[in-house]
Amino acid sequence: MASEQSYLAVTCTAPVNIAVIKYWGKRDEELILPINSSLSVTLHQDQLKTTTTAVISKDFTEDRIWLNGREEDIGQPRIQACLREIRRLARKRRSGDEEDQLPLSLNYKVHVASVNNFPTAAGLASSASGYACLAYALARVYGVESDLSEVARRGSGSACRSLYGGFVEWQMGEQADGKDSIARQVAPESHWPELRVLILVVSAEKKLTGSTVGMQTSVKTSPLLKFRAETVVPARMAEMIRYVKERNFQGFGQLTMKDSNQFHATCLDTFPPISYLNDTSRRIIHLVHRFNAHHGQTKVAYTFDAGPNAVIFTLDNTVAEFVAAVRHSFPPESNGDKFLKGLPVKPAPLSDELKAALGMDPTPGAIKYIIATQVGPGPQVLDHPHAHLLGPDGLPKPTV
């Protein structure tokens, strides 16, 4: 029994989420409490996920962490906040137990390795899946079973939304200690099976203004942000939850676009202004509105986080035609065969009427590739030992 108690490894995966009612701005920097509630869609892990292994052992002399193969500073405040909170919850659980159910000593150090299967810091919410996965893996390895919203949130605000599949609300809460600032599922991933998501990757480069700094400046300088948080978002949250529950794509799509536009307007209202969209982003917006106008209804909807990549929502019967419109407007330069990743999409013809309606000169190579995906589940535990990113020595396994 001693050897079993001296070493424990857990590997988990967690999803990316995309907010359709945006979170931008904190009322408490340390606890990461938002100035408004938000609502997101969890994307499927077959296409986008973080995988994290956490190992605790009596033989480790210090906590260590590796991200995408490189060792990082475990002393980063947000990583430390997650670790401290998990260990506090584990101690609390242990002291409250009649029997000591925790298999391992809380004094053991932890080694963590994490990898993303998509570009990091390119506006694809890697911090959300990353910290959700970290919180989930640490909770499993230390035997914590409580709600992990607070732990994940301390790493990255939007990470608490990645703790659930489907459609997720992050309630801003009102308490100063943040105990009521938690995520909850509005509808499960099975709720709207026809919904599809296309990520148009415009640039995989690191953005000029990180989200944290951007939010701080917006909160200080944008009157529009304050108005949005206090007056606009509460009504929009109720409206969006209704559209999701009714599977009303017209309402869902239009409100998603309006909220994305308003978020980017608050960035421009920030002083000095922040611009996360580039020329290609604006051309995609133009393309979506022309496509919808041609069809006389909202068939596709865009949203942009703090980066130039577009996330497109549509229904399964529109995917093929819209992908054809994207190919026409942004022809792939050289990677025609690798242009579309993820779920298979059958090639579809583009009518001459639609081509004329789009009215755009093609911009070759402006979109690097498209990831086709759908709504997916929350974090998963991988039981197979082969899944572990760290070997029995607590060091990253060599990549093949």
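Which strands does helix α8 (residues 279-295) lie across? The legends below take that up in a predicted model, starting with the sheet in question.

**View 1. The five-strand sheet, with its strands in the order β13-β14-β12-β16-β15.**
This sheet is open, and its pairing is mixed. At the edges sit β13 and β15 (340-342), each with a single partner strand, so one side of each has no neighbour in the sheet. On average, neighbouring strands are turned by 25° against each other, direction ignored. Further in, β12 (residues 195-201) and β16 (residues 369-374) run antiparallel and are joined by six bridges. Look for Arg196, which stands opposite Gln374 in β16.

**View 2. Helices α7 and α8 on the five-strand sheet.**
Here's the reply to the opening question: α8 lies across β12, β13 and β14. Its run is at about 160° to β13. Helix α7 packs on the sheet as well, touching β12, β13 and β14. The direction of α7 makes about 25° with that of β13.

**View 3. The hairpin made by β13 and β14.**
Six residues sit between the two strands. Strand β13 (residues 300-303) and strand β14 (residues 310-315) run antiparallel, with four bridges joining them. Across the pair, Thr303 stands opposite Val311 in β14. Which way do the residues of β13 point? Val300 and Tyr302 go one way, Ala301 and Thr303 go the other, and all are buried.

**View 4. The four-strand sheet, ordered β2-β5-β10-β11.**
This one is an open sheet too, with antiparallel pairing. Its edge strands are β2 (17-21) and β11 (183-187), each of which pairs on one side only. From one strand to the next, the twist averages 35°. Zoom in on β10 (residues 167-170) and β11, and you'll find them paired in the antiparallel sense over four bridges. Trp170 has Ala183 as its bridge partner in β11.

**View 5. Helices α6 and α7 against the four-strand sheet.**
Helix α6 lies across β2, β5 (38-42), β10 and β11. It runs at about 110° to β2. Helix α7 packs on this sheet too, touching β2 and β5, and its direction makes about 90° with that of β2. So keep α7 in mind from View 2, where it touches β12, β13 and β14.

**View 6. The buried face of helix α5 (residues 211-221).**
Gly214, Met215 and Ser218 are the residues to pick out here, and they are buried. Viewed down the axis of α5, the buried residues fall within an arc of 95°, so they line one face of the helix. The spacing makes sense: an α-helix has 3.6 residues a turn, so residues three or four places apart point the same way. What covers this buried set? The cover includes β3 (26-28), α6 (223-246) and α7 (249-269).

**View 7. Two separate nonpolar cores.**
The largest nonpolar core has 65 residues, and within it Phe252, Ile284, Ile312 and Phe313 touch the most other members. Apart from it lies another core, of 34 residues, with Leu83, Ala90, Val110 and Val141 among them. As a rule, nonpolar side chains in soluble globular proteins tend to be buried together.

**View 8. Ile79 and its surroundings in helix α2 (residues 77-96).**
Is Ile79 buried or exposed? It counts as buried, because its relative accessibility is 5%, under the 20% limit. Setting aside neighbours within four places in sequence, the contacts of Ile79 are Ile65, Asp73, Ile74, Tyr131 and Leu134. For a sense of scale, Ile79 and Gly165 are 86 residues apart in sequence, and their C-alpha atoms are 23 Å apart in space.

**View 9. Cysteines without disulfides.**
The disulfide count comes to zero. Why is Cys133 not bonded to Cys12? Cys12 holds the closest cysteine sulfur, but at 5.8 Å that is too far for a bond, since a disulfide needs the two sulfur atoms within 2.5 Å. For Cys160, the closest cysteine sulfur is in Cys82, and 11 Å is again too far for a bond. Cys133 is buried, with a relative accessible area of 0%, and Cys160 counts as buried at 0% relative accessibility.

Methods: Residues are numbered from 1 along each chain as its sequence is written. This is a predicted model: local features need pLDDT of at least 70, side-chain atom pairs count only at pLDDT 80 or more; totals for chains, interfaces and linings use all residues. Side-chain values use heavy atoms; hydrogens and water are left out. Buried means under 20% relative accessible area, exposed over 50%, partly exposed in between (1.4 Å probe, protein chains only). The arc is that of the directions from the helix axis to the C-beta atoms. Contact means heavy atoms within 4.5 Å. A nonpolar core is a set of buried Ala, Val, Leu, Ile, Met, Phe, Trp, Tyr and Cys residues joined through side-chain atoms within 4.5 Å. Two strands pair if DSSP finds at least two bridges between them. Axes are lines fitted to C-alpha atoms, for helices over the stretch in contact, and angles run from 0 to 180 degrees between N-to-C directions.
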